[in-house]
Amino acid sequence: MTHAWDAIAAEWLKLRTLRSNALLLACTLLAVLACAAVAYLIGRGFDTQTFEERLRFTGNGTGLGPGLPIAHFVLGTFGALTITSEYATGMIHTSLMAVPQRQLLLAAKIPGLAAVTLPAGQLLAFAMHLTAQNVLGERAGQILLDGQSLGIPLTDPGALTTLVAAGLSMTAAALAGLGVGATLRSTPGSLVALALLFVVLPVAVQALPAPLRAQVSAYTLAALPEEIAGTGGLLPPPAAAALLAAYPLLALTAGATAIALKRHKAAVLAAGAALTLATGLIALPATEAAPARHLAWHPCTTPGLPREMRCADLRVPLDWNHPTGRTITIPLAMLPASGTQRRIGTVISIPGGPGASGIDDLTQYQGRLDPLRRRFDVISFAPRNAVTPGGPLPHECLTTGPYLPLPRNRAEYAALARTNRAHAERCRAADPELFDHMDSASVARDIDALRAALGEPRVNLLANSYGGHPAAAYARLFPSRIRALVMDGTTSHTEDTATGEPRLYQRAERQLDRFAAWCRTDPSCALHGRDVKQVWRHLVERADRTPIPVRGDPDGTAYTGFDVKVAAAPSFTSPGREPDRPRWVQLADAIAKAADGDASGFAAYVRQATDRPKVPSPVGQNMTRCLDGGGYTGYAAYRAALAKARELSPHFAGQRAWWALACAGWPAPVTNPPAPLPGHALPPVLGVGTWTDHDEVATTIRHVPGSSTIRYDGHGHMAYLNSSSGCVTAHVNRYLTTLRLPPPGTVCPATG
């Protein structure tokens, strides 16, 4: 033991007295300069871009990227020279006379080398990070599309771990250099080998095609710090930590074997050591294994679906109160994780409508989901209430329904209830049991069956529009199974219909103000130069007195004021792409024509969406809305809500009643009534909303402590999928990836 300590002391004396070592350590400052230079170039390029272009920048991460290979090479050289310099000068003979046990001589060099490079590595890692952050300045906080910021501060999850691991990787490089030097016994040869391993290889890998580039990069020493922290790369943290230890361990094992052999065998041993290292790397898992899956995913065969999409079927009970009874099939679609970053889990996108298909959503918005797919599989489905051809319920029956009037008295309300019931029963007759189990709570239970089939302990939910109802039901039923929940443009299912109507009328009035302001400034508006609000009000009042005919309609269709409000509502909400606003242009033309006594302008664009001259109340949507408690409790509740609406909204009173009136006379009872979210049982929720969505979303999530919202400062409905806002995409992806919410009051500017 004394002999070993003497050897360590001797090696420490050599290390600290060799002047070239101090110079070599000073060369590590080149790594700091490289980090500063790259950060400067990023900042210069960033400053010349538009807001949306900046969101598409590639992040600088913790700032170590450009400097880490340099630091590894310099410290690897430092390690190699501790032994190759002795071979070069012939001092190795003197050392071996003092310590005849060659492997002990090599081992004695390790403590001193570690004692120098451990603190040096930590200081260097933090210096590289702080320099890069300071050069970026305020730009470092810019959130990017993948959810990361341009420069990652120490306060971000995993940042501190990354820097500590980076410091340790420098010590690993030094020890690996010692092993390489002992193996090759040549300073030039060792420098070439270390340059190839630490500098050339990471650069050469970038020329590989994706996702092979990411798969090979995951094994390089420079990639390991982020992988150990769980913030980047493909390897899971335990595998990355094992690989970090493997670099010096394998090199030192090879060196310990080589130093005991004669020179002519060293080259053979070096080749063997390289093979051993490669074998060890291949044996490590390339990615963290996805959870066990019990779904038969296969390439989708339906025409028009993306080539990379995978499809499967999920069998679920029709009636979740009788899980061993009849089952139905839920079609699934998955856009798999891209393989460029370590997979976090699954995001389940819940479609709206009700009655829309999430498979269509994944197809339409595939490109916008690409940044999210770096870390997640994205899955959606055609829910049990999807109104699609070929289902067990008649498609044509579900897509049509009665024209709803605004009842003026109890007798008209009762007549409307009889009409609704007759239309519902006609569709229900095909499969009454299925028709009566289309509520959002049943969809929520289907989602949990999907979670279980995926083998995921917790899921990430992206609820779109009416998809907020099954998401709310899932939150009430299974709060502990939610990792993250995004509510985008969702309607509230936390209060009854009449309670929520005042907010909806207020947002309608605000949209009319915006429409009128546009007409005042844009000559393409057919009402340009007129008092738009007065024209609208007179039109509605006149139509309520005497319905306005649709000229040329063979069925003699005429529009009441209520019909005008219902037909115009979607166009008020979504004017179309800026700056042309085609739907507002169309709406203004329809209003002008109707004011002259012809409602054919409204009928023309209603036909585009419904193939009917007036907006029908589709049974396919109502079979879910009504089971979810979307109707009035009776005539008295309807009259009270209408009276309140007339106080709040002189231009749209009664328009919101169109949805609730469809449930009058519904043949099945409410099975999924509104209720608040279970606040303290849920993780903080992220709400996203446009001008017309935001207040509703904020109301939905207000019961969940710590939740936050993003307001998209523009028109439309839904913002993550349905707008081109990179700002919204960045914040949502950041939350799903890191669970970090934006500050309260965050606003994203409108885009074209």
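Ile-350 has Ala-463 of strand E6 as its bridge partner. Strands E4 (residues 345-350) and E6 (residues 459-464) pair in the parallel sense, over four bridges. Two strands count as paired if DSSP finds at least two bridges between them. Strands (E, at least two residues) and helices (H or I, at least four residues) are DSSP runs, numbered from the N terminus.

This is a predicted model: local features need pLDDT of at least 70, side-chain atom pairs count only at pLDDT 80 or more, and totals for chains, interfaces and linings use all residues. Residues are numbered from 1 along each chain as its sequence is written, and side-chain values use heavy atoms, leaving out hydrogens and water.

**The sheet**

E4 and E6 belong to an open sheet of 10 strands with mixed pairing. The order is E1-E2-E3-E5-E4-E6-E7-E10-E11-E12. Its edge strands are E1 (298-299) and E12 (746-749), each of which pairs on one side only. Strands of a sheet pair through backbone hydrogen bonds, either parallel or antiparallel.

At the E12 edge, strand E11 (residues 708-713) runs parallel to E12, joined by four bridges. Tyr-712 has Cys-748 of E12 as its bridge partner. Cys-748 sits on the covered face of E12 with Thr-746. Val-747 and Pro-749 make up the uncovered face. In a regular strand the side chains alternate between the two faces of the sheet.

**Helices across the sheet**

Two helices lie across sheet strands. Contact means heavy atoms within 4.5 Å. Axes are lines fitted to C-alpha atoms, for helices over the stretch in contact, and angles run from 0 to 180 degrees between N-to-C directions.

| Helix | Strands crossed | Angle |
|---|---|---|
| H18 (residues 440-454) | E2 (310-317), E3 (327-335), E4, E5 (376-381), E6 | about 120° to E2 |
| H19 (residues 468-477) | E4, E6, E7 (482-488) | about 150° to E7 |

Glu-456 lies in the loop between H18 and E6. Is Glu-456 buried or exposed? Glu-456 is buried, because its relative accessible area is 5%. Buried means under 20% relative accessible area, exposed over 50%, and partly exposed in between (1.4 Å probe, protein chains only). Glu-456 and Gly-345 are 111 residues apart in sequence, yet 7.5 Å apart in space, C-alpha to C-alpha.

**Helix H5**

H5 (residues 68-89) has 22 residues. From first C-alpha to last it reaches 31 Å, close to the expected 32 Å. The expected span is 1.5 Å times one less than the number of residues. H5 bends by about 40° at Leu-81. That bend is the angle between axes fitted to the seven residues ending there and the seven starting there. Of the 22 residues in H5, 16 are buried. Gly-90 follows, with a positive phi near 85°.

**A loop residue**

Ala-526 lies in the loop between helices H20 (497-521) and H21 (532-545). Ala-526 counts as partly exposed because its relative accessibility is 34%. Not counting residues up to four places away in sequence, Ala-526 touches Ala-588, Asp-589 and Ala-592.

**The whole chain**

The protein chain has 29 helices and 12 strands. Buried residues make up 54% of its 752 residues. The C-alpha trace spans about 115 × 65 × 45 Å along its principal axes.

The average pLDDT is 87, and 94% of the residues score at least 70. pLDDT is the predictor's confidence in each residue, from 0 to 100. Over residues 282-292 pLDDT stays under 50. Where pLDDT is low, the predicted coordinates should not be read in detail.
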